[in-house]
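These are my notes on a structure I looked up today. I recorded strand pairing, the surroundings of the ligand and unusual backbone angles.

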Amino acid sequence: MIYITSTLRVMKTKIDSRSTRQSARCERLSYQRNMSRKRIASSEEARARVLIRRRNDLSDVGVVAGQEEEEEGRRSADDDEKNKPVKVVIVGGGFGGLYCALKLDSMQWPKNKKPLISLLDANEQFLFKPLMYELLENEMDEESVAPRFDELLSKTTVTFKKREVVRVVPDVVLRTKMGTSASGTGGKVLLRNRGRAIKKNDDDDDGDDDVFEKYDYLVVALGAKVDFMSEKNFVNGAKEFAMPFNGLEDVKKMQERIELIKNNNNNNDGGGKGFEKVVTVVGAGYAGVELALCLARWFEREDGLRDVKIKLVAKDGEILKNATVGGKNAANKALKKARNIEIVSGVVESIKMVEEVGAAGEVAKFDDGKTYKKVNVSLLTGNKDDERKEIIENVDMCCWTVGLSAKLPTNENDWPFEQDKLSGKIVTDSTLKVAGYDRVFALGDNSIQRTKEENEESSNKKNGEKPATAQVAFQAADYCAWNVWSAINKKSLLPFRYQHLGDMMTLGDKEGAVQFPFGADATLDGQPAFALRRLAYLYRMPTNEQRLKVGQKWFDEIREGLLSGANQS
Ligand SMILES: Cc1cc2nc3c(=O)[nH]c(=O)nc-3n(C[C@H](O)[C@H](O)[C@H](O)COP(=O)(O)OP(=O)(O)OC[C@H]3O[C@@H](n4cnc5c(N)ncnc54)[C@H](O)[C@@H]3O)c2cc1C
């Protein structure tokens, strides 16, 4: 009995102590839950406070937050986000974008801080534009002038995606009292989705990276396009019938057309036998002069093309307005030497298909059924506007090298960034940071460095505008990479200082001209200039592998030339 009583007592004590432990555990749990609720509430509160403080800070300088974006702003304030690797997205893989990506990849980053770098381009291949002439006349191959991005980037951590960018949406856009925008957060880049343009509201965050690419830092380097439509560049029929020379597609189209011109032995039905073949090159800047000389050299050495006349249309009869005296002299000498080039002083007024002007006989037909129609170019010739006379000419091809402008979507809602009133380029400060956007940078042909005041009063001025050259984009790429690095690592940014290193031209038949940056007459021409130009371009190839590949081909070419020269003698 005593045993039973004492056992019951022990059991009761055990039960009591267990229930005490349980209630203590419950209390502890409930305390922990309360604490965690409080912590969540206080972190939400802190997040909201951060937002409000940020908004107030900006309000002090005249900024008021947009309501929709407030919700989105939580993303960047979230502590968890800080632990994710930073994502840098570069749009446009030309001299600005590709070289910036390569530089960023090669830089030293603090431990575990290397960002994820993505490069987006509408094309699969980078294009070394200064060598497009050599590609056109098959003096160099596509692999050398337009290497694939995936090959160029294979030894880096940069991810390449072939996508066309159609719109940029920063996460937080704050409107200033002045009407301009500002943002200190990341955002997303909307992409053309399998050939279909993205709808305005198609920016849901469903993780479908076909539709958008998120960024913490963005670099915009979309280059320039031929602008046929703006008021200052518009010429009736130019967009439809002239052939621009600015991209890889343009090179291929021009090659196809020249092949047709070559095979056109005047066997058309319309009795147009014996008509002279004519190619016009509109614009006598660097691109126009170099293209005319490249075509002249090509036509001269090919049967079927020797009777083609090249008419270089120069406004006011002047070539290379921006070149030095030495550069102009070298180019004039080469143009005079070319038997098949004629300089026409004037401007193109309109371009039509010949059929439209009733000259059916000018339609070329081939045995294999292919045809091409000549185009009818109306030219106002003469040096001054009031003295110009109209001449009309049916030509086999009209090449267009004028009117380049920034390649940005025309709808202003697609680009939140401030654009220069005159050129349409994105306005950046001297560090290449886009006006009002702490995490967006722009460089190359699509950007202009200006202060806000300069932009306000810039209706006629070109202040802050650097030449639209590979040399500028290439140098800016280094500064841009450095400044993206500095922005991520909270260091101060460097102003971009452009160092002009001279200009180079190809003048045909293994000849060139190099204008040095010291003195108007400091020009080297002929074969030494040709060799120097090639060496400089070799040095500027995007990667060591590409440099080696192209260098090897040039070396083989020189060796073969020397060997065949030795055999002949
Ligand atoms: C025929 C020719 C000869 C030239 N010769 C010289 C020379 O001898 N020396 C010199 O210094 N400069 C020369 N230039 C100028 C020079 O090539 C440009 O100034 C330079 O390429 C500008 O670099 P960028 O990065 O701004 O643009 P680009 O090199 O044009 O690159 C822009 C990139 O953006 C991509 N892109 C555009 N829109 C989109 C989009 N919506 N979505 C995704 N990707 C997009 C394009 O595919 C392209 O790859 C020449 C230009 C031409 C056309």
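**Entry 1: sheet 5-8-9.** I began with V169 and found that this residue stands opposite K188 in strand 8. The model is a predicted one, and I read the pairing with that in mind. Strand 5 and strand 8, the latter spanning residues 187-191, pair in the antiparallel sense over 5 bridges. I then followed the sheet outward: 3 strands form an open sheet in the order 5-8-9, with antiparallel pairing. Strand 5 (165-170) and strand 9 (212-215) each have a single partner strand, so one side of each is left without a neighbour in the sheet. From one strand to the next, I noted an average twist of 20 degrees.

**Entry 2: sheet 25-26-27.** I looked up another open sheet of 3 strands, which has the order 25-26-27 and antiparallel pairing. Its edge strands are strand 25 (503-508) and strand 27 (523-526), each of which pairs on one side only. Here the twist averages 10 degrees from one strand to the next. Strand 25 is joined to strand 26 (residues 511-515) by 5 bridges, and the two run antiparallel. I checked M505 and found A513 in strand 26 as its bridge partner.

**Entry 3: the ligand shell.** Which of the 32 residues around the ligand come nearest? I listed G92, G94, G96, G223 and G444. Strand 3 (116-121) and helix 13 (470-488) are the elements that give two or more residues to this shell. The largest share, 3 residues, comes from helix 13. By character, I counted 15 nonpolar, 12 polar and 5 charged residues in the shell. Domain 2 (79-122 + 163-226 + 405-488) and domain 3 (238-403) each supply at least three residues to the shell.

**Entry 4: positive phi.** I next searched for backbone angles that depart from the common pattern. Most residues other than glycine have a negative phi. N112 has a phi near 55 degrees, a positive value. I located N112 in the loop between helix 4 (97-106) and strand 3. Is N112 buried or exposed? I entered N112 as exposed, because it has 6 C-beta neighbours inside 10 Å and the cut-off for exposed is 12 or fewer.

D316 also has a positive phi, near 60 degrees. I placed D316 in the loop between strand 14 (308-314) and helix 11 (325-337). With 14 C-beta neighbours inside 10 Å, D316 counts as partly exposed.

Terms used
Residues numbered from 1 in each chain as written. Predicted model: local features only at pLDDT ≥ 70, side-chain atom pairs only at ≥ 80, totals over all residues. Pairing = 2+ DSSP bridges. Helix = DSSP H or I, 4+ residues; strand = E, 2+ residues; numbered from the N terminus. Axes fitted to C-alpha atoms, helices over the stretch in contact; angles between N-to-C directions. Near = placed C-beta within 6 Å. Nonpolar A, V, L, I, M, F, W, Y, C, P; charged D, E, K, R; others polar. Domains from an automatic or database assignment. Buried ≥ 20, exposed ≤ 12 C-beta atoms within 10 Å, placed from the backbone.
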